[in-house]
Amino acid sequence: MTVAIGRYAVRKREIMTDKWTAEDIPRQDGRVAVVTGANTGLGFETARELAAHGATVVLAVRNTDKGRAAAERIAAAAGDGAPAPTVQRLDLASLDSVRAAASELKAAHPKIDLLVNNAGLMWPPKQVTQDGFEVQFGTNHLGHFALTGLLLEALTPVPGSRIVTVSSLGHQIMADIHFDDLQWERSYDRFAAYGQSKLANLMFTYELQRRLAAAGAPTIAAAAHPGGAATDLVRHQPAVLSSLMSLVEGRLVQNAEMGALATLRAATDPGVRGGDYYGPGGLFETQGHPKLVKSSPRSHDASVHQRLWTVSEELTGVTFGV
(Lines give C-alpha, C1' and ligand atoms only; values in the text may rest on other atoms or scores of the structure.)
Protein backbone atom coordinates (compact mmCIF):
# COMPACT_ATOMS: atom_id res chain seq x y z
CA MET A 1 0.00 0.00 0.00
CA THR A 2 1.22 3.49 -0.82
CA VAL A 3 -0.16 6.74 0.57
CA ALA A 4 0.86 9.93 -1.24
CA ILE A 5 1.79 12.91 0.92
CA GLY A 6 3.04 15.81 -1.20
CA ARG A 7 6.18 14.74 -3.02
CA TYR A 8 6.62 11.89 -0.55
CA ALA A 9 5.12 8.43 -0.57
CA VAL A 10 4.69 6.41 2.61
CA ARG A 11 5.43 2.79 1.80
CA LYS A 12 5.58 -0.43 3.75
CA ARG A 13 8.72 0.33 5.70
CA GLU A 14 10.05 3.76 4.85
CA ILE A 15 9.35 7.26 3.61
CA MET A 16 10.77 7.78 0.15
CA THR A 17 10.89 10.79 -2.13
CA ASP A 18 9.63 10.15 -5.62
CA LYS A 19 12.52 12.15 -7.05
CA TRP A 20 15.49 11.78 -4.73
CA THR A 21 18.32 14.12 -5.69
CA ALA A 22 21.65 15.26 -4.28
CA GLU A 23 19.72 17.92 -2.35
CA ASP A 24 18.34 15.09 -0.20
CA ILE A 25 21.81 14.04 1.00
CA PRO A 26 22.09 14.72 4.75
CA ARG A 27 25.10 16.64 6.01
CA GLN A 28 28.18 14.40 6.14
CA ASP A 29 30.29 16.49 8.49
CA GLY A 30 32.79 14.43 10.45
CA ARG A 31 32.41 11.36 8.22
CA VAL A 32 35.36 9.79 6.42
CA ALA A 33 34.45 8.36 3.01
CA VAL A 34 36.74 6.25 0.82
CA VAL A 35 35.65 6.07 -2.83
CA THR A 36 37.45 3.81 -5.29
CA GLY A 37 37.85 4.98 -8.87
CA ALA A 38 37.01 8.53 -7.82
CA ASN A 39 39.05 10.43 -10.41
CA THR A 40 36.39 10.17 -13.12
CA GLY A 41 32.81 9.24 -13.96
CA LEU A 42 30.52 7.86 -11.28
CA GLY A 43 33.24 7.79 -8.65
CA PHE A 44 34.12 11.42 -9.22
CA GLU A 45 30.49 12.52 -8.97
CA THR A 46 30.03 10.42 -5.82
CA ALA A 47 33.11 11.92 -4.19
CA ARG A 48 32.19 15.43 -5.28
CA GLU A 49 28.75 15.30 -3.67
CA LEU A 50 30.02 13.69 -0.48
CA ALA A 51 32.63 16.44 -0.16
CA ALA A 52 30.06 19.13 -0.93
CA HIS A 53 28.03 17.84 2.01
CA GLY A 54 30.92 17.97 4.45
CA ALA A 55 32.58 14.54 4.27
CA THR A 56 36.32 14.03 4.41
CA VAL A 57 36.76 12.18 1.12
CA VAL A 58 39.62 9.91 0.09
CA LEU A 59 39.96 9.31 -3.64
CA ALA A 60 41.37 5.77 -3.96
CA VAL A 61 42.70 5.65 -7.52
CA ARG A 62 45.24 3.88 -9.71
CA ASN A 63 46.53 7.04 -11.39
CA THR A 64 47.48 9.49 -8.64
CA ASP A 65 48.15 12.37 -11.06
CA LYS A 66 44.55 12.15 -12.28
CA GLY A 67 43.45 11.67 -8.69
CA ARG A 68 45.13 14.87 -7.55
CA ALA A 69 43.58 16.80 -10.43
CA ALA A 70 40.16 15.42 -9.47
CA ALA A 71 40.75 16.29 -5.81
CA GLU A 72 41.51 19.89 -6.79
CA ARG A 73 38.27 20.13 -8.74
CA ILE A 74 36.30 18.63 -5.86
CA ALA A 75 37.90 20.99 -3.35
CA ALA A 76 37.13 24.01 -5.54
CA ALA A 77 33.49 22.94 -5.88
CA ALA A 78 33.11 22.27 -2.14
CA GLY A 79 34.35 25.76 -1.29
CA ASP A 80 36.27 27.24 1.60
CA GLY A 81 35.90 25.54 4.94
CA ALA A 82 35.20 22.09 3.52
CA PRO A 83 37.62 19.28 4.42
CA ALA A 84 40.26 18.87 1.74
CA PRO A 85 39.95 15.61 -0.22
CA THR A 86 43.03 13.40 -0.29
CA VAL A 87 44.36 10.84 -2.75
CA GLN A 88 45.32 7.24 -2.03
CA ARG A 89 47.03 5.08 -4.64
CA LEU A 90 45.07 1.88 -5.20
CA ASP A 91 45.39 -0.60 -8.05
CA LEU A 92 42.61 -3.14 -7.60
CA ALA A 93 44.28 -5.40 -10.16
CA SER A 94 47.15 -5.99 -7.71
CA LEU A 95 46.64 -7.59 -4.31
CA ASP A 96 49.98 -6.13 -3.20
CA SER A 97 48.66 -2.66 -4.03
CA VAL A 98 45.36 -3.39 -2.24
CA ARG A 99 47.21 -4.47 0.90
CA ALA A 100 49.49 -1.44 0.83
CA ALA A 101 46.57 0.93 0.28
CA ALA A 102 44.54 -0.61 3.11
CA SER A 103 47.48 -0.29 5.49
CA GLU A 104 48.03 3.36 4.57
CA LEU A 105 44.32 4.16 4.79
CA LYS A 106 44.02 2.65 8.28
CA ALA A 107 47.09 4.55 9.43
CA ALA A 108 45.65 7.83 8.18
CA HIS A 109 42.02 7.08 9.16
CA PRO A 110 41.68 4.61 12.05
CA LYS A 111 37.92 5.02 11.74
CA ILE A 112 36.13 5.00 8.38
CA ASP A 113 32.43 5.78 8.04
CA LEU A 114 31.87 4.90 4.40
CA LEU A 115 33.55 2.69 1.83
CA VAL A 116 32.24 2.98 -1.74
CA ASN A 117 33.46 0.13 -3.94
CA ASN A 118 32.93 1.91 -7.25
CA ALA A 119 35.91 1.32 -9.56
CA GLY A 120 35.62 -1.22 -12.32
CA LEU A 121 36.23 -2.41 -15.85
CA MET A 122 33.69 -3.37 -18.50
CA TRP A 123 34.19 -5.56 -21.59
CA PRO A 124 37.95 -5.30 -22.08
CA PRO A 125 39.88 -7.74 -24.29
CA LYS A 126 41.18 -10.80 -22.44
CA GLN A 127 43.66 -9.70 -19.78
CA VAL A 128 44.81 -10.93 -16.41
CA THR A 129 45.67 -9.05 -13.24
CA GLN A 130 49.08 -9.03 -11.58
CA ASP A 131 47.92 -12.07 -9.61
CA GLY A 132 46.70 -13.98 -12.67
CA PHE A 133 42.95 -13.37 -12.32
CA GLU A 134 40.72 -12.53 -15.28
CA VAL A 135 40.84 -8.75 -15.15
CA GLN A 136 37.11 -8.03 -14.72
CA PHE A 137 36.59 -10.62 -11.98
CA GLY A 138 39.93 -9.70 -10.41
CA THR A 139 39.31 -5.95 -10.39
CA ASN A 140 35.56 -5.60 -10.01
CA HIS A 141 35.10 -8.34 -7.42
CA LEU A 142 38.29 -9.77 -5.91
CA GLY A 143 40.07 -6.42 -5.53
CA HIS A 144 37.09 -4.90 -3.73
CA PHE A 145 36.54 -8.07 -1.69
CA ALA A 146 40.13 -7.86 -0.43
CA LEU A 147 40.00 -4.11 0.19
CA THR A 148 36.78 -4.39 2.18
CA GLY A 149 38.12 -7.23 4.30
CA LEU A 150 41.33 -5.37 5.06
CA LEU A 151 39.47 -2.16 6.00
CA LEU A 152 36.71 -3.83 7.98
CA GLU A 153 38.38 -3.26 11.36
CA ALA A 154 38.24 0.50 10.69
CA LEU A 155 34.54 0.34 9.74
CA THR A 156 32.84 -1.99 12.21
CA PRO A 157 33.50 0.11 15.35
CA VAL A 158 31.77 3.12 13.74
CA PRO A 159 28.01 3.52 14.34
CA GLY A 160 26.18 4.11 11.08
CA SER A 161 29.09 3.00 8.90
CA ARG A 162 28.34 1.61 5.45
CA ILE A 163 29.91 -0.39 2.67
CA VAL A 164 28.34 0.32 -0.72
CA THR A 165 29.31 -1.75 -3.73
CA VAL A 166 28.40 -0.66 -7.25
CA SER A 167 26.93 -3.42 -9.41
CA SER A 168 25.25 -3.13 -12.80
CA LEU A 169 22.27 -4.14 -14.88
CA GLY A 170 24.88 -6.43 -16.42
CA HIS A 171 24.51 -8.75 -13.43
CA GLN A 172 21.44 -10.10 -15.25
CA ILE A 173 23.02 -10.53 -18.70
CA MET A 174 24.73 -13.85 -19.48
CA ALA A 175 25.59 -13.89 -15.80
CA ASP A 176 26.56 -16.81 -13.59
CA ILE A 177 29.42 -17.67 -11.25
CA HIS A 178 31.49 -20.10 -13.30
CA PHE A 179 33.21 -22.00 -10.52
CA ASP A 180 34.57 -24.50 -13.06
CA ASP A 181 36.41 -21.69 -14.90
CA LEU A 182 36.31 -18.47 -12.85
CA GLN A 183 39.27 -16.99 -14.73
CA TRP A 184 37.93 -17.81 -18.23
CA GLU A 185 41.00 -19.84 -19.11
CA ARG A 186 39.20 -22.24 -21.44
CA SER A 187 37.40 -19.58 -23.44
CA TYR A 188 36.71 -15.88 -22.98
CA ASP A 189 33.49 -13.96 -23.43
CA ARG A 190 33.94 -10.36 -22.37
CA PHE A 191 30.20 -9.82 -21.82
CA ALA A 192 29.67 -12.94 -19.74
CA ALA A 193 32.84 -12.22 -17.75
CA TYR A 194 31.54 -8.75 -16.95
CA GLY A 195 28.18 -10.20 -15.94
CA GLN A 196 29.93 -12.67 -13.63
CA SER A 197 31.88 -9.87 -11.93
CA LYS A 198 28.79 -7.72 -11.39
CA LEU A 199 26.77 -10.68 -10.11
CA ALA A 200 29.66 -11.36 -7.74
CA ASN A 201 29.42 -7.76 -6.49
CA LEU A 202 25.82 -8.33 -5.44
CA MET A 203 26.42 -11.76 -3.95
CA PHE A 204 29.33 -10.31 -1.97
CA THR A 205 27.07 -7.53 -0.66
CA TYR A 206 24.31 -9.90 0.42
CA GLU A 207 26.67 -12.36 2.13
CA LEU A 208 28.61 -9.54 3.79
CA GLN A 209 25.37 -8.09 5.15
CA ARG A 210 24.35 -11.50 6.50
CA ARG A 211 27.66 -11.81 8.32
CA LEU A 212 27.61 -8.25 9.65
CA ALA A 213 24.09 -8.73 11.01
CA ALA A 214 24.98 -12.08 12.57
CA ALA A 215 27.94 -10.43 14.32
CA GLY A 216 25.77 -7.58 15.59
CA ALA A 217 27.98 -5.03 13.83
CA PRO A 218 26.70 -1.46 13.38
CA THR A 219 27.98 -1.49 9.80
CA ILE A 220 25.63 -2.28 6.92
CA ALA A 221 26.34 -3.39 3.35
CA ALA A 222 24.24 -2.11 0.46
CA ALA A 223 24.51 -2.02 -3.31
CA ALA A 224 23.60 0.25 -6.19
CA HIS A 225 23.69 0.41 -9.96
CA PRO A 226 23.82 3.49 -12.21
CA GLY A 227 21.55 2.29 -15.03
CA GLY A 228 22.82 3.27 -18.46
CA ALA A 229 25.42 5.86 -17.54
CA ALA A 230 27.63 7.59 -20.09
CA THR A 231 31.11 7.28 -18.53
CA ASP A 232 34.63 6.16 -19.46
CA LEU A 233 33.59 2.64 -18.45
CA VAL A 234 32.25 2.06 -21.97
CA ARG A 235 35.59 2.72 -23.66
CA HIS A 236 36.02 -0.98 -24.48
CA GLN A 237 32.60 -1.52 -26.01
CA PRO A 238 32.52 -2.76 -29.64
CA ALA A 239 31.86 -0.19 -32.37
CA VAL A 240 28.47 -1.69 -33.20
CA LEU A 241 27.34 -1.14 -29.60
CA SER A 242 28.66 2.42 -29.64
CA SER A 243 26.52 3.12 -32.69
CA LEU A 244 23.48 1.56 -31.04
CA MET A 245 23.99 3.51 -27.81
CA SER A 246 24.19 6.77 -29.74
CA LEU A 247 20.70 6.05 -31.11
CA VAL A 248 19.13 5.49 -27.68
CA GLU A 249 21.07 8.14 -25.77
CA GLY A 250 18.61 10.37 -23.96
CA ARG A 251 16.12 7.51 -23.63
CA LEU A 252 18.21 4.73 -22.08
CA VAL A 253 21.41 6.57 -21.14
CA GLN A 254 21.98 9.26 -18.52
CA ASN A 255 24.99 11.32 -17.49
CA ALA A 256 27.38 10.41 -14.69
CA GLU A 257 25.87 12.96 -12.32
CA MET A 258 22.48 11.22 -12.50
CA GLY A 259 24.05 7.77 -12.57
CA ALA A 260 25.84 8.43 -9.29
CA LEU A 261 22.61 9.23 -7.43
CA ALA A 262 21.83 5.57 -6.74
CA THR A 263 25.22 5.13 -5.10
CA LEU A 264 24.80 8.34 -3.13
CA ARG A 265 21.38 7.28 -1.90
CA ALA A 266 22.67 3.89 -0.79
CA ALA A 267 25.55 5.66 0.94
CA THR A 268 23.67 8.44 2.74
CA ASP A 269 19.90 8.00 2.92
CA PRO A 270 18.93 7.37 6.58
CA GLY A 271 16.25 4.92 5.42
CA VAL A 272 18.68 2.48 3.81
CA ARG A 273 18.84 -0.98 5.35
CA GLY A 274 21.47 -3.64 5.03
CA GLY A 275 21.10 -5.61 1.82
CA ASP A 276 19.18 -2.85 0.02
CA TYR A 277 19.85 -2.35 -3.69
CA TYR A 278 19.24 1.01 -5.37
CA GLY A 279 19.00 1.90 -9.04
CA PRO A 280 17.29 4.35 -11.39
CA GLY A 281 13.50 4.34 -11.27
CA GLY A 282 12.89 5.04 -14.96
CA LEU A 283 12.37 2.84 -18.01
CA PHE A 284 14.04 -0.57 -17.53
CA GLU A 285 16.05 1.01 -14.67
CA THR A 286 18.30 2.65 -17.26
CA GLN A 287 17.80 6.22 -16.09
CA GLY A 288 15.93 8.32 -13.58
CA HIS A 289 15.99 9.13 -9.89
CA PRO A 290 17.11 6.33 -7.58
CA LYS A 291 14.77 3.97 -5.78
CA LEU A 292 14.83 0.53 -4.21
CA VAL A 293 15.10 -2.06 -6.98
CA LYS A 294 15.28 -5.84 -7.20
CA SER A 295 18.23 -7.86 -8.36
CA SER A 296 17.92 -11.12 -10.27
CA PRO A 297 16.64 -14.28 -8.56
CA ARG A 298 20.05 -15.86 -9.22
CA SER A 299 21.74 -13.16 -7.13
CA HIS A 300 19.86 -14.36 -4.03
CA ASP A 301 21.15 -17.95 -4.05
CA ALA A 302 22.61 -18.20 -0.52
CA SER A 303 24.52 -21.40 -1.25
CA VAL A 304 26.36 -19.68 -4.11
CA HIS A 305 27.02 -16.64 -1.88
CA GLN A 306 28.81 -18.81 0.64
CA ARG A 307 30.75 -20.78 -1.97
CA LEU A 308 31.85 -17.58 -3.70
CA TRP A 309 32.91 -16.13 -0.34
CA THR A 310 35.06 -19.16 0.45
CA VAL A 311 36.68 -19.12 -2.99
CA SER A 312 37.29 -15.36 -2.74
CA GLU A 313 39.04 -15.78 0.61
CA GLU A 314 41.21 -18.54 -0.87
CA LEU A 315 42.13 -16.52 -3.96
CA THR A 316 42.89 -13.25 -2.14
CA GLY A 317 44.22 -14.62 1.15
CA VAL A 318 41.96 -12.14 2.95
CA THR A 319 39.59 -13.29 5.68
CA PHE A 320 36.96 -11.16 7.37
CA GLY A 321 36.47 -10.63 11.09
CA VAL A 322 32.74 -11.34 10.82
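Here are four exercises on a predicted model, each with a worked solution. Local features need pLDDT of at least 70 and side-chain atom pairs count only at pLDDT 80 or more, while totals for chains, interfaces and linings use all residues. Residues are numbered from 1 along each chain as its sequence is written, and side-chain values use heavy atoms, with hydrogens and water left out.

**Exercise 1. Find out which residues of helix α2 are buried, and where they sit around the helix.**

Step 1. Get the helix on screen: α2 covers residues 64–78. Helices here are DSSP runs of H or I with at least four residues, strands are runs of E with at least two, and both are numbered from the N terminus.

Step 2. Check its length. The 15 residues reach 20 Å from the first C-alpha to the last, close to the 21 Å expected at 1.5 Å a residue. (The expected span is 1.5 Å times one less than the number of residues.)

Step 3. Pick out the buried residues: Gly67, Ala70, Ala71 and Ile74. Buried means under 20% relative accessible area, exposed over 50%, and partly exposed in between, using a 1.4 Å probe and protein chains only.

Step 4. Look down the axis of α2. The buried residues fall within an arc of 105°, so they line one face of the helix. (The arc is taken from the directions from the helix axis to the C-beta atoms.)

Step 5. Now flip to the face turned away from the buried side: there you meet the exposed residues Asp65, Glu72, Arg73 and Ala76.

**Exercise 2. Work out what covers the buried side of α2, and look at what happens at its start and just after it.**

Step 1. The cover over the buried residues includes α1 (41–52), β5 (56–61) and β6 (86–89). Contact here means heavy atoms within 4.5 Å.

Step 2. At the start of α2, a side-chain oxygen of asparagine 63 comes to within 3.1 Å of the backbone nitrogen of aspartate 65.

Step 3. After α2 comes glycine 79, with a positive phi near 90°.

Step 4. Go back to arginine 73: its charged end sits over the ring of phenylalanine 44, 4.2 Å from the centre. (That label needs NZ of Lys or CZ of Arg within 6 Å of the ring centre and within 35 degrees of the ring normal.)

**Exercise 3. Trace the aromatic cluster that includes Trp309.**

Step 1. Searching the whole structure gives eight aromatic pairs. Rings of Phe, Tyr and Trp (its six-membered ring) pair if their centres lie within 6.5 Å; planes under 30 degrees apart are stacked, over 60 edge-to-face, and the rest tilted.

Step 2. Take phenylalanine 145 and tryptophan 309: they are edge-to-face, 5.1 Å centre to centre, with 75° between the planes. Phenylalanine 145 is in α4 (residues 135–155) and tryptophan 309 in α9 (residues 302–316), 164 residues apart.

Step 3. Next, tryptophan 309 and phenylalanine 320 make a tilted pair, 4.6 Å centre to centre and 55° between the planes. Both are buried.

Step 4. Put it together: Phe145, Phe204, Trp309 and Phe320 form one aromatic cluster.

**Exercise 4. Describe the surroundings of helix α9.**

Step 1. The buried residues of α9 include Val304, Leu308 and Trp309.

Step 2. The buried residues of α9 pack against α3 (95–108), α4 and α5 (190–214).

Step 3. Arginine 307 lies over the face of phenylalanine 179, at 4.0 Å from the ring centre.

Step 4. Just after α9, glycine 317 takes a positive phi of about 75°.

Conventions: Polar contact = N/O pair within 3.5 Å; in protein donor to acceptor, adjacent residues only side chain to side chain.
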